[in-house]
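Please open the model in the viewer and keep the sequence at hand. The tour proceeds by selections, each followed by what is found there.

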Amino acid sequence: MNKADLKVLERAFEREIHGAILQGKSKRIDRLVEEGYLQPETVTFGGRFAVTCKGYSLTHAGRIIYCSTCADEDTK
């Protein structure tokens with residue numbers, strides 16, 4: 001896993017914290033999906049005019065890989 005891959009996982013993690021999904025399309029995202037770190041997701045926001053958003057969210061493996069690279073605040 002290189003820095004660019006971790007950056008994509010970081011963006012997905014940030015969006016997950018804020019209740020959103022990672023949107024975009026790239027070969028890197030496609031590769032991370034194939035490797036099992038991201039998964040395609042579709043979210044529909046209801047209402048009078050429903051809106052459907054397609055994107056990607058982290059899998060458990062993606063969360064573990066990303067979080068294992070984060071520095072622990074207690075060790076600093």
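Begin at the hairpin of β1 and β2 in this predicted model. Five residues lie between the strands, and among the residues of this hairpin G47 adopts a positive phi near 130°.

Next, select the two strands themselves. β1 covers residues 38-45 and runs antiparallel to β2, to which eight bridges join it. For one facing pair, display T44, which stands opposite T52 in β2.

Follow β2 to Y56 and show its surroundings. Apart from neighbours within four places in sequence, Y56 is in contact with I21, L22, G24, K25, I29, D30, V33, L38, Q39, P40 and E41.

Y56 also leads into the largest nonpolar core. Select its eleven residues together: V8, L9, A12, L22, I29, L32, Y37, L38, Y56, L58 and Y66. Two or more of these residues come from each of α1 (3-17), α2 (27-34) and β2. Which element gives the most to this core? It is α1, with three residues. A general tendency is relevant here: in soluble globular proteins, nonpolar side chains tend to be buried together.

Now isolate α1. This helix has 15 residues and spans 21 Å from its first C-alpha to its last, close to the 21 Å expected at 1.5 Å a residue. Colour its buried residues, which are D5, V8, L9 and A12. Why do they lie on the same side of α1? They cover an arc of only 95° around the axis, and this places them on the same side of the helix. In general, an α-helix has 3.6 residues a turn, so residues three or four places apart point the same way. Restore the rest of the chain to see the cover over the buried residues of α1, which includes α2, β1, β2 and α3. Then rotate to the other side of α1, where K3 and I17 are exposed.

Inspect both ends of this helix. At the start of α1, a side-chain oxygen of N2 comes to within 3.2 Å of the backbone nitrogen of A4. After α1 comes G19, whose phi is positive, near 75°.

Finish at T59, in the loop between β2 (51-58) and α3 (60-68). Is T59 buried or exposed? With a relative accessible area of 13%, T59 falls under the 20% cut-off and is therefore buried. Beyond its neighbours within four places in sequence, T59 is in contact with G36, Y37, L38 and Q39. Of these contacts, Y37 and L38 belong to the largest nonpolar core.

Methods. Residues are numbered from 1 along each chain as its sequence is written. This is a predicted model: local features need pLDDT of at least 70, side-chain atom pairs count only at pLDDT 80 or more; totals for chains, interfaces and linings use all residues. Side-chain values use heavy atoms; hydrogens and water are left out. Helices (H or I, at least four residues) and strands (E, at least two) are DSSP runs, numbered from the N terminus. Buried means under 20% relative accessible area, exposed over 50%, partly exposed in between (1.4 Å probe, protein chains only). Contact means heavy atoms within 4.5 Å. Two strands pair if DSSP finds at least two bridges between them. A nonpolar core is a set of buried Ala, Val, Leu, Ile, Met, Phe, Trp, Tyr and Cys residues joined through side-chain atoms within 4.5 Å. The expected span of a helix is 1.5 Å times one less than its number of residues. The arc is that of the directions from the helix axis to the C-beta atoms. A polar contact is a pair of N or O atoms within 3.5 Å; within protein, one must be able to donate a hydrogen and the other to accept it, and residues adjacent in sequence count only if both atoms are side-chain atoms.
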